[in-house]
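Please go through this structure with me, asking at each step how a word is earned by a value. I would like each answer to set the value beside its definition.

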Amino acid sequence: MRGALAVLAVTALASGCTGSAGVHGAHGQQPPKAPPARALEDYAARLRASYAQREEAARRWGLAKVPLTAPPPPAEKPLITFRKGFEITDGDDLPPIFTTIPTRNRVVFLTIDDGAEKDPAFLRMMSDLKIPYTAFLSNYLVEDDYGYFRKMRDLGVTLNNHTLHHPYLPGLSYEEQRQEICGMQDVMEREFGRRPTVFRPPYGNYDGDTLRAAKSCGIKYAPIWDEEVYVDHWEYREWDRSLHPGDIVLTHFRGRADWNGTMPDLVRRFLKKVTDEGYAVARLEDYL
């Protein structure tokens with residue numbers, strides 16, 4: 001760590017003297033922009049303090065490695081379109097179904113569905129480690145404790161729509177689907193202060209009526225996922241069974257009642273693979 005800081009300091013000093021653009025780290029590990037050379041000592045001290053904080057949090061939560069830090073959000077958002085083979089006929093103006101964000105950055109996006117498990121340790125862990133994630137909530141599972149998800153929102157997590165009752169949407173009429181989606185929009189606005197523009201169909205199942213109903217409710221995007229992580233294993237959509245830049249990873253709010261472990265156990269499994277393979281966790285909404 002000290003050697004890395006020394007290299008950064010020399011590089012920052014050189015950039016201050018020559019007028020170059022600044023210091024650029026590898027994907028997933030971008031340092032903050034270096035200040036002028038006269039502030040170099042303070043800059044290095046802040047780097048040391050920031051890393052020490054993350055190192056201590058990783059140790060406290062049982063991680064072997066410090067999670068990588070995502071690069072800054074793209075200045076220009078990528079164009080999000082339907083994944084090939086997942087299109088809807090005449091669906092050009094409908095919310096796209098996609099499993100990956102177009103990016104060359106070595107980042108993945110963690111998304112968590114439903115809302116059954118409400119573990120305070122999970123909130124502390126994700127806040128301590130500064131790991132971004134996106135929640136997709138179903139009302140029948142969160143209505144017993146909206147306060148838990150308000151705490152999550154207040155920590156900077158985006159709360160999105162996963163329907164009122166988590167039904168198999170293609171089995172419903174257009175009006176029934178619209179009630180499931182728009183009804184959850186009403187709940188989200190009433191309980192959390194905003195109507196989401198992002199929606200995930202339960203089970204990843206949808207038809208044209210699903211997306212037409214979603215659009216009528218103010219939805220712009222309908223991400224599903226490329227990988228799913230459980231407390232004891234991973235599952236993959238692609239044949240190569242690997243992570244790829246921009247992949248959306250799914251998991252669920254579950255605890256020992258459903259799985260052989262806790263939410264923190266799940267996060268440890270997720271972060272081990274992601275970090276070992278050189279990926280950082282980025283915030284999905286920063287790319288939409």
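Q: What follows helix 8, and what is the sign of its phi?
A: Helix 8 is followed by Gly278, whose phi is positive, near 80°; here a helix is a DSSP run of H or I with at least four residues, a strand is a run of E with at least two, and both are numbered from the N terminus. This is a predicted model, in which local features need pLDDT of at least 70 and side-chain atom pairs count only at pLDDT 80 or more, while totals for chains, interfaces and linings use all residues. Residues are numbered from 1 along each chain as its sequence is written, and side-chain values use heavy atoms, with hydrogens and water left out.

Q: How do you know that the span of helix 8 agrees with its number of residues?
A: The expected span is 1.5 Å times one less than the number of residues; for the 14 residues of helix 8 that gives 20 Å, and because the end C-alpha atoms are 20 Å apart, the two agree.

Q: Which residues of helix 8 are buried, and what covers them?
A: Buried means under 20% relative accessible area, exposed means over 50%, and partly exposed is in between (1.4 Å probe, protein chains only). The buried residues of helix 8 include Leu266, Phe270 and Lys273, and their cover includes strand 2, helix 3 and strand 8 (248–252).

Q: Why is Ser216 called partly exposed?
A: Ser216 has 34% relative accessibility, and therefore counts as partly exposed. Ser216 lies in helix 7 (residues 208–216).

Q: What makes the pairing of Ser216 with Arg178 a polar contact?
A: A polar contact is a pair of N or O atoms within 3.5 Å, where, within protein, one must be able to donate a hydrogen and the other to accept it, and residues adjacent in sequence count only if both atoms are side-chain atoms. The side chains of Ser216 and Arg178 make such a contact at 2.8 Å, and the side chain of Ser216 also reaches the backbone oxygen of Ala213 at 2.7 Å.

Q: Which residues does Ser216 contact beyond four places in sequence?
A: Contact means heavy atoms within 4.5 Å, and, leaving aside neighbours within four places in sequence, Ser216 is in contact with Tyr174, Arg178 and Cys182.

Q: What is the predictor's confidence in the chain, and where does it stay under 50?
A: On the pLDDT scale of confidence in each residue, from 0 to 100, the mean of the protein chain is 89, but pLDDT stays under 50 over residues 1–29. Where pLDDT is low, the predicted coordinates should not be read in detail.
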